[in-house]
Amino acid sequence: TFTPNAFVADMVAELKEKLQDDKVVLGLSGGVDSTVAAVLLNQAIGENLYCIFVNNGLLRKNEFQSVLDQYKGMGLNVKGVDAGDRFLSELAGVSDPETKRKIIGRVFIEVFDDESHLIKDVKWLAQGTIYPDVIESVSVKGPSATIKSHHNVGGLPDYMKLKIVEPLRMLFKDEVRRVGASLGIDPELLGRHPFPGPGLSIRILGDITPEKVRILQEVDAVFIDGLKSWGLYDKVWQAGAILLPVNSVGVMGDERTYEKVIALRAVESTDGMTADWVHLPYDFLMKISNDIINKVKGVNRVVYDISSKPPATIEWE
Ligand code: XMP
């Protein structure tokens with residue numbers, strides 16, 4: 001059986017031995033995996049760990065600033081880089097899901113590479129890769145049709161001549177959370193739902209504009225805050241909203257509207273490899289649907305995704 005305390009003690013010792021006085025750079029995403037990796041490394045090598053948190057403009061509402069503040073409060077040596085405009089301008093006019101991922105992966109590496117060159121004599125790149133990432137990346141390269149290219153595994157350009165250290169590579173998500181708890185990380189942070197690296201870009205079907213990002217951030221905030229206030233957030237493995245590339249007819253007062261459709265998705269899972277849709281209470285769905293349509297300008301219809309994985313995936317792109 002897996003014991004988090006023993007894992008932490010062994011891993012911190014192993015990291016000290018391996019990294020000695022070397023400088024290490026790590027990209028924080030706001031998610032559980034990179035955060036736990038950072039705190040582990042921070043215990044092992046302290047200020048020699050340089051964390052970079054990039055805003056790709058596709059995070060949840062207010063997430064960049066609030067998570068950055070939280071990281072600083074945890075004593076991590078972290079730099080926030082706001083590159084939202086750069087990502088959104090490179091994505092303008094792009095609809096194909098895999099192209100979106102590739103652009104985001106490339107721009108992320110460019111931004112990250114620029115930042116890591118500012119750190120003198122950095123030797124290592126640390127990543128919060130966990131076991132399911134490793135497996136899914138292998139299947140992408142396998143003989144079967146391409147599934148999805150997860151940009152946070154591999155894909156490192158040659159000009160970044162850094163050695164790689166991945167302390168969570170053998171762990172499943174629940175084990176990562178338990179390690180995080182034994183490191184004293186805030187339970188709210190540890191309980192955060194997984195969120196894809198390409199962020200809201202793959203939940204905006206079709207092309208991405210700043211206005212669509214704004215709409216989806218507002219909708220997502222209503223949904224996620226609602227899950228929290230109804231005590232449902234921790235019962236769900238992952239939840240989010242998808243902005244569909246269709247308009248539907250509605251009526252507001254005496255007027256006909258022709259506005260965007262939102263799909264809500266909430267799934268139960270243990271590792272993301274398979275997932276069931278969650279039977280959220282009808283009262284909750286009714287309230288959230290009304291709130292979204294009343295509060296978010298540009299949306300007049302909400303639907304709920306009742307597909308399981310397989311054959312559907314969790315994300316729509
Ligand atoms: P799917 O949609 O493949 O998602 O059922 C499984 C889990 O992976 C997340 N996901 C991604 N994470 N980069 C990531 O870092 C990606 O390109 C990506 N695509 C999907 C998804 O949110 C879910 O947790």
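This section describes the central sheet of a predicted model, the helices that lie across the sheet, and a binding site annotated in UniProt.

The sheet is open and consists of 5 strands in the order β3-β2-β1-β4-β5, with parallel pairing. Because β3 (78-82) and β5 (163-165) each have a single partner strand, they form the edges, and one side of each has no neighbour in the sheet. On average, neighbouring strands are turned by 30° against each other, direction ignored. Strand β1 (residues 23-28) runs parallel to strand β4 (residues 122-126), and 4 bridges join the two. Leu 26 is placed opposite Ala 126 in β4.

Two helices that lie across the sheet are described here. Helix α3 (residues 63-73) lies across β1, β2 (49-55) and β3, and runs at about 170° to β3. Helix α5 (residues 97-117) lies across β1, β2, β3 and β4, at about 140° to β2.

An unreviewed UniProt entry places a binding site at Ser 29, Gly 30, Gly 31, Val 32, Asp 33, Ser 34 and Thr 35. Gly 31 is located in the loop between β1 and α2 (32-45), whereas Ser 34 lies in helix α2. With 19 other C-beta atoms within 10 Å, Gly 31 is partly exposed. Ser 34 has 22 such atoms within 10 Å and is therefore buried, the cut-off for burial being 20 or more. Neighbours within four places in sequence aside, Gly 31 is in contact with Arg 192, Pro 194 and Phe 195. With the equivalent neighbours left aside, the contacts of Ser 34 are Leu 26, Gly 27, Leu 28, Ser 29 and Gly 128.

Definitions and conventions:
Residues numbered from 1 in each chain as written. Predicted model: local features only at pLDDT ≥ 70, side-chain atom pairs only at ≥ 80, totals over all residues. Pairing = 2+ DSSP bridges. Axes fitted to C-alpha atoms, helices over the stretch in contact; angles between N-to-C directions. Contact = placed C-beta atoms within 7 Å. UniProt positions renumbered as here; feature names shortened; annotations may be inferred. Buried ≥ 20, exposed ≤ 12 C-beta atoms within 10 Å, placed from the backbone.
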